[in-house]
Amino acid sequence: ASSKVESVEFEAGGERVVVHGISYATAAMEENLSLRFPRATGGGFQIGLLHANVGGSATGHQDYSPCSVDDLRRPGYQYWALGHVHEHTVLRSAGTTIAYPGNLQGRHIRETGERGAPLVDVDDGEVRAVERLAVDVLRWEQLRVDIGGANDMEAAVRLAGQAMEQ
């Protein structure tokens, strides 16, 4: 892990792309690491990679590198790919798209619903659309079953099975 922002430049679709990212080796990071990111220079599509909690959005999570939307807009990147929050969320603010991709696969029963990855459509240096692609192979769901009419455990299990089939 490095405490410095590293930048990697490459070409994609005939366009200059620069990815800026930072890592850290501690279990929690209370410093706002987004303030270390350099301003976008030289044109092209600029992407920031950061494990962070934007505006306290990660309720119930540790406050990893807390920052604000304004902090992420400051360097002038078109897209931020964030880690930490396992729910898919996309924010747009003044030419900057900020995305928590969520996770590719629900890791436990509390991570219910579709899981996937974002497909980002970029044209002429601007994010045109962010589409979520479902890639999970197992999906956790919550199902409420009324077993009030069951006389015994077998009947309750049968009702639960019928509800799952539906």
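Me: Buried means under 20% relative accessible area, exposed over 50%, and partly exposed in between (1.4 Å probe, protein chains only). What is the relative accessible area of Leu 133?

Reply: Happy to help! This is a predicted model, where local features need pLDDT of at least 70 and side-chain atom pairs pLDDT 80 or more, while totals for chains, interfaces and linings use all residues. Residues are numbered from 1 along each chain as its sequence is written, and side-chain values use heavy atoms, without hydrogens and water. Leu 133 counts as partly exposed, because its relative accessible area is 34%.

Me: How are the rings of Phe 37 and Tyr 77 arranged?

Reply: Rings of Phe, Tyr and Trp (its six-membered ring) pair if their centres lie within 6.5 Å; planes under 30 degrees apart are stacked, over 60 edge-to-face, and the rest tilted. The structure has three such aromatic pairs. For Phe 37 and Tyr 77, the centres are 6.3 Å apart and the planes at 70 degrees, so the pair is edge-to-face.

Me: Nice! How many residues apart are Phe 37 and Tyr 77?

Reply: Both Phe 37 and Tyr 77 are buried. Phe 37 sits in the loop between β2 (15-21) and β3 (45-51); helices (H or I, at least four residues) and strands (E, at least two) are DSSP runs, numbered from the N terminus. Tyr 77 belongs to the loop between α1 (69-73) and β6 (79-83), which puts the partners apart in the chain by 40 residues.

Me: How many residues does the largest nonpolar core have?

Reply: A nonpolar core joins buried Ala, Val, Leu, Ile, Met, Phe, Trp, Tyr and Cys residues through side-chain atoms within 4.5 Å. Phe 37, Leu 50, Leu 72, Trp 80 and Leu 82 have the most contacts inside the largest one, which has 18 residues.
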